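I set out to look up the open and enclosed spaces in one structure, and then a single residue. My entries follow the order in which I looked.

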Amino acid sequence: MEFRRERDSIGEKQVPSKAYYGVQSLRGHENFRISGQTINNQLIKNLSVVKKACAITNCNVGELKEEYKEAIVKACEEVYSGKFDNEFIIDPIQGGAGTSLNMNINEVIANRANEILGFNKGEYYPIHPNDHVNMGQSTNDVIPTAASLTTYELLNGCIEKLMKLSYEFNIKAEELTDVIKMGRTEMQDAVPISLGSEFKAFSMAIGRDVKRLERVKDSLLEVNLGGTAVGTGITANEKYIASVVLELSNIFDEHIIQSSNLVDGTQNLDKYAEVSSQLKVCAVNISKIAGDLILMSSGPRAGFGEIRLPARQNGSSIMPGKVNPVMPEVMKEISFQIMGNDLTITMATQSGQLELNAFYPIVIHNLYESLVILTNGVETFIENCVKGIEANEKRCNNLVDGSIGIVTALAPILGYEKSAAIAKKALKTGKYVKEIVLEECDINETEVSKILNTREMAKISINN
């Protein structure tokens with residue numbers, strides 16, 4: 001491999017001659033070999049959008065030559081297209097609040113822009129990664145701005161999938177409305193309920209998650225671009241500060257606003273903690289729902305067996321015919337990961353000191369992971385599980401008919417004590433509640449059948 005020699009304020013390094021990144025990127029790569037993962041592609045795209053907006057604005061206010069601007073813009077557009085994805089060599093987990101990532105994109109854009117102008121990579125002439133590509137900027141406003149826009153896009157995609165999940169649960173609720181099953185509280189038989197009403201409750205819970213996430217979404221379109229290092233705008237032209245976010249809005253095609261207080265916008269990451277918190281609540285709901293599906297589908301003969309989940313793969317390497325509830329299981333795993341990520345984000349958010357939070361990289365790394373795995377998980381959960389759920393109506397009927405919990409309907413007529421005695425006797429003898437009532441109570445069969453009509457017991461849940 002051929003190398004070129006590049007120097008920064010620390011010293012000289014050999015950089016692969018074909019590379020578009022430079023010495024500062026290489027130092028970041030060598031220092032932070034942490035997770036073995038790469039930077040989120042959407043974040044790279046949005047960093048190129050921010051750099052493009054900054055170049056155009058700097059040119060408009062007379063700080064950057066037109067030919068430099070044109071070359072930088074073209075390089076940014078090529079980065080956005082994915083042409084240089086392999087040139088982003090920094091680990092997502094990195095010290096320095098994202099400086100390594102900012103310099104990585106500055107060097108890639110500068111080297112490509114110089115090529116466009118007819119110069120060789122690595123010479124930093126005439127376009128310099130700091131003086132020109134990073135003009136009027138700091139890592140501390142560029143990375144947060146791109147990260148905020150990326151979160152907004154990923155959150156939109158996640159909300160879309162969650163809305164679809166809520167819709168599919170609602171469709172399933174309508175389909176299963178007439179199936180009556182035994183309701184349970186504290187894992188003990190309670191009273192009859194419509195299977196459809198349980199799925200309706202699933203739909204409602206996810207619907208609330210969507211509303212919560214929608215409420216926090218707009219905060220992500222408030223950015224601190226123009227604040228540079230600490231929110232004071234040092235090194236940036238005043239006209240640039242006043243207009244750069246408007247230029248960014250035009251390119252990004254969303255109504256982005258500049259933070260009303262750039263110092264606050266640079267210091268504090270609470271909007272990410274809020275998004276993560278709402279994702280955690282959603283994960284709690286999804287984990288509960290997934291657990292319910294696992295219970296209701298348990299069996300096929302020795303468990304509840306009230307519903308059948310689509311068989312997706314063999315469940316055992318030793319037990320022939322065993323099929324596991326892998327889709328609800330993976331949703332619980334995703335939920336656990338999101339809950340853990342939320343704790344990391346919470347700790348990192350509160351650990352910022354004075355004018356900057358140096359732990360930005362771990363915040364957005366974990367937040368992006370939560371958004372991506374939830375979005376992908378919900379999609380496969382819908383297609384490979386929810387849509388194919390079927391009721392085992394015969395099993396549901398048998399469990400309800402043999403249940404002791406239906407004795408609850410007798411309490412207003414026979415009183416609590418007598419009803420409890422009937423329940424105990426049914427449990428001890430194995431007889432049906434109806435049999436014992438006919439034997440011991442002065443109620444005819446027609447009246448007993450009316451009182452113990454499980455569909456009537458469940459009608460409130462059906463209607464809701």
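The entries below cover pockets, cavities and one arginine in a predicted model.

**Entry 1: the largest pocket.** I began with the largest pocket, which holds about 400 Å³ of space. I listed its lining and found 17 residues. Those nearest the centre are Ser 297, Ser 298, Gly 299, Pro 300 and Val 323. By class, I noted 8 nonpolar, 7 polar and 2 charged residues in the lining of this pocket.

**Entry 2: the second largest pocket.** I then turned to the second largest pocket, with a volume of about 330 Å³. Its lining also comes to 17 residues, and Arg 184, Glu 198, Phe 202, Lys 288 and Asp 292 are the closest to its centre. I asked which elements give two or more residues to this lining. They are strand 3 (180–185), helix 7 (195–217) and helix 10 (270–296). Helix 10 gives the most, with 6 residues. I recorded the classes for the second largest pocket as 8 nonpolar, 3 polar and 6 charged.

**Entry 3: the cavities.** I next looked for enclosed space and found 2 cavities of 30 Å³ or more.

The largest cavity has about 40 Å³ of space. I wrote down its lining as Leu 309, Pro 310, Arg 312, Asn 324, Pro 325, Val 326, Met 327, Pro 328, Asn 384 and Cys 385. Helix 11 (residues 326–350) gives the most to this lining, with 3 residues. The classes for the largest cavity are 7 nonpolar, 2 polar and 1 charged.

For the second largest cavity I noted a volume of about 30 Å³. Asn 140, Pro 144, Gly 265, Thr 266, Leu 269, Leu 356, Asn 357 and Tyr 360 line this cavity. Helix 6 (139–175) and helix 9 (262–267) are the elements that give two or more residues to the lining. I counted 4 nonpolar and 4 polar residues there, with no charged ones.

**Entry 4: Arg 4.** Last, I looked up Arg 4, which lies in strand 1 (residues 3–7). Is this residue buried or exposed? Arg 4 has a relative accessible area of 11%, so I entered it as buried; the cut-off is under 20%. I then followed the side chain of Arg 4, which reaches the backbone oxygen of Ala 19 at 2.8 Å. Leaving aside neighbours within four places in sequence, I found Arg 4 in contact with residues including Lys 13, Gln 14, Val 15, Pro 16, Ser 17, Ala 19, Tyr 20, Tyr 21 and Gly 22. Further contacts of Arg 4 on that list are Asn 111, Lys 121 and Gly 122.

Conventions: Residues numbered from 1 in each chain as written. Predicted model: local features only at pLDDT ≥ 70, side-chain atom pairs only at ≥ 80, totals over all residues. Heavy atoms only, no water. 1 Å grid on protein atoms, 1.4 Å probe; cavity = no way out; pocket = protein on both sides within 12 Å on 5 of 7 lines; lining within 4 Å. Points joined across faces, edges and corners; volume = space filled by probe spheres on them. Nonpolar A, V, L, I, M, F, W, Y, C, P; charged D, E, K, R; others polar. Helix = DSSP H or I, 4+ residues; strand = E, 2+ residues; numbered from the N terminus. Buried < 20%, exposed > 50% of the residue type's maximum accessible area, 1.4 Å probe, protein only. Polar contact = N/O pair within 3.5 Å; in protein donor to acceptor, adjacent residues only side chain to side chain. Contact = heavy atoms within 4.5 Å.
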